[in-house]
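Trainee: Could we go through some salt bridges together? I'd like to see how each label is earned.

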Amino acid sequence: MEINEQNLEALSTYLRKTLSPNANERTEAEKTLKQIERNENYSSLLLTLCESSTTSDDIRRASVITFKNFIKRNWPSLDESNSISIRDRNHIKEHIIDLMTRSPEHIQEQLSDAITVIGKCDFPDQWSTLLDTMVKQFQQQSSSSFQSINGVLKTAHSLFERYRYEQKSDELWSEIKLVLEKFAPAFTELFKSLMNYYPQKESDPVEMKNIFNSLHVIIKIFYDLNAQELPEHFEDNITIYMTYFLALLSYDHPSLHSNNNDPGILDQVKTEICRCIALYADNYSDEFKPYAQQFALTIWSLLTRLNLSPSYDELVSTAMRFLSTLAARSHHCSMFEGGDILKTVCEQVILPNLFLRESDVEEFEDNPEEYIRKDIEKSDSATRRRAACDFLQALCIFFEPQVIAIYSQYIETMQKEYLQNPTKDWMKKDTCIFLVLALASKGETQKFGITKTSSFISIPAFYSASILPELQNPDINSLPLIKADCLKFLIHVRNQIDRDALLLSIPECVRYLSSNNIVVQTYAAHAIERLLLVRHSADQKQTAITKTDLIPYAQTMYDSFFRILTSNKSYENEYVMRAVMRLSSALQDGVLPYLNQLIEKLVMILQRSCKNPNKPNFNHYLFETITVLIRTSVLQNSNVLNQFEQILFPVFTPIFTEDIAEFVPYVLQIIGFLLESHTSSIPETYRALFQSILTPSFWDRSGNIPALSRLLQAYIEKAGETIVLEKLTIVLAIFQRLVSQSKIHDHEGFAILNSLIMHLPTGCLNNYFKDIFIIIFTRLTKAKTQKLIRCIIIFFSYFTIKYGAQELITQIDSIQTNMFQMVVERLFMPELSKVDDCDKKLCAIAISHLLCDPEAMTNGVYLNNLWLILLQILLRLFESCNELQTMSAAERKKQAQDEAEEDLLVGLDDTPDYTPAFSRLAFAKKSSTDLFGSSIPDARCHLAKCLQTLTSSHPNQFLNIMTNGLSPEHLSHIQKYCALANVTLM
């Protein structure tokens, strides 16, 4: 395409049509643009339209957005089919910086985004002129140039920002070094000139905003370039930067403030400075130490001058984080000592920012979901209150007694004032509760709440005196925010109060499920769910609150939970659904009397959620609850499986037919769990479903594969000799697809193959052996990974157990002569010890047979080269694995039972095992089984017995090999195993 008026006019026409309200015209124009974008000069034509001042603004905007999206789609790729030729690439890089600096701001922003994409791909190796071009723009400072300077600075920041978080490497540091050499000197000169320029323009509000917009981005870039380590350039110029930073923190100008709740540009500049000096205080403390005291004083002064306007929130919280950094470091904390400094900081800086503000109360009332997200999920990291709390806790590291003494007086006074007039002074009660939690907590996790407490504060005493009486108030709707605070306090301290206090709290939490306030309802449900996880102090394997404790409240709790879940305001409340799940699990068989009503309501909720499955966590807990009920019921009576299938399958069918992608993996897991639970012949409904799950398109979606694999394994186990054999070639094709084409899901392919090996009758797979082994070794050659090697070792072990060690060697050597030796040396030797503990017994028994059964090992080509090596590998495996070394079959069975109970008790932590593609249901976890059971209780004894059989048929031969080839340590291990097995080697 030539760059001429005719082509520019044609392109303008297509771009205009992309803005058309007519969908067909718009679609046709977009399709045409897509077709012509492969032509030479297409990108240059778009840039020409961007640049043309005679072109209408809507076309300029459309052309620059089209250009940006074109760059995003095509620039990173360098294959032959790429739309952007080398000539066009070079032309773009030669002109785009200059064009950006001359463009209006709305065009500039789009071009800057495009430059960022290009820079991330080509800078520095294939765009060596970029820095030089940007630096040229710094040479002039006038009102006409600020737009171009800001454009260049924003582009530089977008390129350098990744230095903040990228992992250190020689390549990264080489790039940063280049940037520092070419960019940093001019950058520092620009900063100095702007700092000298703005005092001259204080009477010009527009120019002042332009200057401070530039300073804002400059300080961001300063952080970018200092994030990895302290560069020599900035160390040499540290006094310049720190002096100017101090000046800016103290500076004020009315035209630079905001007229609304958003921060003004001066506040944004000060916020970025606080981030930079916090970085220096944290990472470069020696270099920063001479300036620390002055910055601390300046920021204390700044914080005392700022009011409670939301426009200052980010500045206040960032400034306090800087002070927190100083307070938590032994070489800086001394500045808080002496005189009334600590008292002043606690009273004038921290305390005012701990109080709730009107905006918080409005959010509590009008936007409960957002309030909960910030308050209980700790997403309030940018708030004043959280920053003040962090600062307070940092001060407690070195000054705990003094800080607690200061705040104890305030807590006592505010408690008294609240009790005298709760309606008026309820905010003081809120601050007291927040303060006590902040002061008392020395360690906290979401899973357990507060785990370590201050020795200066008694949490049980405060709970009994100030929290429980509030919860016992007969009026559940009075002062709802205080009720929510008290419930949150209980949630945090649940592991710090005794069982009696917990039992007193349960009925109060149940009452608050009926509150009119959504936050209070939610906190009550969350408190119940968290309390049910608290362990008994005398026996950590038992919960503090038992099934017997819960039964009197169970019906009321379920009624309240489902009343909330069926209300219009809170019907997808994940905390309430998780409480339903936890209660159903904690009741154990005590849930059975409620089974029918629960399933009916859960099915109704599931049908409703199918219409709009937009709450991932809620959906997850819904399916977990259904699984809990199935698991508990089947343990008591396996005959109920049919009832669950009759109820659930009609609900599950539309999920498949309508392809509700969010729910399909859950449904597949539950069907797999149901199928695994059958002990006799499976119902006919499963036969119809089997054909569906073999459809290739079903396996195209990554999120389906783990659940499909499990379900297919269940079919192989329960109906391997019937419906699976009929479709064996299709099942093997799925194995081939997963192993050959997916590094992510290859282990699922091996799981299917191992299930076929173990559950199909001997002989069914014989005709497929050669193809199976070729598929495996082809993948190993093309894309070897540690996970793949472990999968292969486990497969070889299953194969050995089922078909014999000689058959394994025969199949491997049929691919290439003496290939088995390479398998031992390159797979077994380096990776056997890395297989999962649950597979080590299988591998150990298989290797015992490889040592003692096949002719090739005992009297053939591998006797001299491999026998001793393989024995040493096995001995190292035994001695490195405590489970194999010390646990009997009975002990292993008990451990498996304990682990299963633990999984059921906890089920889930605070967030599910969730990814956008697949979430594993904790309560549908497949129980691990010992393939050998009581027949081989101890793999070490099994080795000893295999060696006895071998040595008895070859007297002295193998005993001499071991005596001469093994270390004394290994020999003593074999003697120990023989003693355990009560055998003697000959």
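**Salt bridges and burial**

Mentor: Happily! Let's start with Lys 834, which counts as partly exposed because its relative accessibility is 39%, and partly exposed lies between buried (under 20% relative accessible area) and exposed (over 50%), with a 1.4 Å probe and protein chains only. This is a predicted model, where local features need pLDDT of at least 70 and side-chain atom pairs count only at pLDDT 80 or more, while totals for chains, interfaces and linings use all residues. Residues are numbered from 1 along each chain as its sequence is written, and side-chain values use heavy atoms, leaving out hydrogens and water.

Trainee: What makes Lys 834 and Glu 831 a salt bridge?

Mentor: Their closest N and O atoms are 3.6 Å apart. A salt bridge needs a side-chain nitrogen of Lys or Arg within 4 Å of a carboxyl oxygen of Asp or Glu, so the pair qualifies.

Trainee: Why is Glu 831 called buried?

Mentor: Glu 831 has 6% relative accessibility, so Glu 831 counts as buried.

Trainee: Which residues are joined into one network by salt bridges that share partners?

Mentor: Glu 529, Arg 530, Arg 578 and Arg 582 are. Within that group, the side chains of Arg 582 and Glu 529 meet at 2.7 Å, N to O, and both residues are buried.

Trainee: And why is Glu 726 called exposed?

Mentor: Its relative accessibility is 54%, so Glu 726 counts as exposed. Its salt-bridge partner is Arg 687, at 3.6 Å, N to O. Arg 687 has 35% relative accessibility and therefore counts as partly exposed.

Trainee: How many salt bridges does a search of the whole structure find?

Mentor: That search finds 45.
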